[in-house]
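Colleague: Please choose one part of this model and take me through it slowly, with each term explained as it comes up.

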Amino acid sequence: NFVEFLSKFLGRRYDPLPNLWLGVSVENQKWADERIPLLLNTPAVVRFVSYEPALGPVDFRRWLPCFIGDSAKCSSNPVTQTGCFRCAMKGEALDWIIIGGESGPGARRMKLAWARDVIGQCQAAGRKVFVKQLGPRPYFEIKHPKGGDPREWPDDLRVREWPEVTHVRS
């Protein structure tokens, strides 16, 4: 674990700075599988993913905790001897996911079903999600060049939440 390594290297306990938010970008499942475990092994107060440009579906559930108090969710997750696998992560989970479509000339289309699925994953885990933009070519008429005006989106995609920082991780 990175915290243990730094603590030994420095000769004292290493704690993340209380204002350190750390994130990675992922475009699809391949890059999520490669980058998110590295992020979760790095000390930060808030760990987030920028899922943009969204170029393929991503299942984030293995990096999101079970929603506290929702025991029905735990029964459907992989279970270890200590209980639900995700509940046993001891805080090593994502705090926030930002969703965005690609922008610029030749931007590839983001499927709105991908954004809806990730919103649902975050809501089921009690985590915050922020839909930044849908890209210039969603499957409906928009005027904003990057699809960044929530007033032009379907109501269920107008989700813009920020994580609350109430703890310091070690």
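Modeller: Of the 170 residues in the chain, 42% count as buried (under 20% relative accessible area, with over 50% called exposed and anything in between partly exposed, using a 1.4 Å probe and protein chains only). The model is predicted, so local features need pLDDT of at least 70 and side-chain atom pairs pLDDT 80 or more, while totals for chains, interfaces and linings use all residues. Residues are numbered from 1 along each chain as its sequence is written, and side-chain values use heavy atoms, leaving out hydrogens and water.

The chain holds four helices and six strands (DSSP runs numbered from the N terminus, H or I of at least four residues for helices and E of at least two for strands). The part I choose is an open sheet of four strands, which follow one another in the order 1-2-5-6 with parallel pairing (two strands pair if DSSP finds at least two bridges between them). Strand 1 (21–25) and strand 6 stand at the edges with a single partner strand each, so one side of each has no neighbour in the sheet. From one strand to the next, the twist averages 20°.

Within this sheet, strand 2 (residues 46–51) and strand 5 (residues 96–100) pair in the parallel sense over four bridges, and Phe48 stands opposite Trp96 in strand 5.

Two helices lie across these strands. Helix 2 (residues 29–40) lies across strand 1 and strand 2, running at about 170° to strand 1, and helix 4 (residues 112–125) lies across strand 2, strand 5 and strand 6, at about 170° to strand 5 (axes are lines fitted to C-alpha atoms, for helices over the stretch in contact, with angles from 0 to 180 degrees between N-to-C directions; contact means heavy atoms within 4.5 Å).
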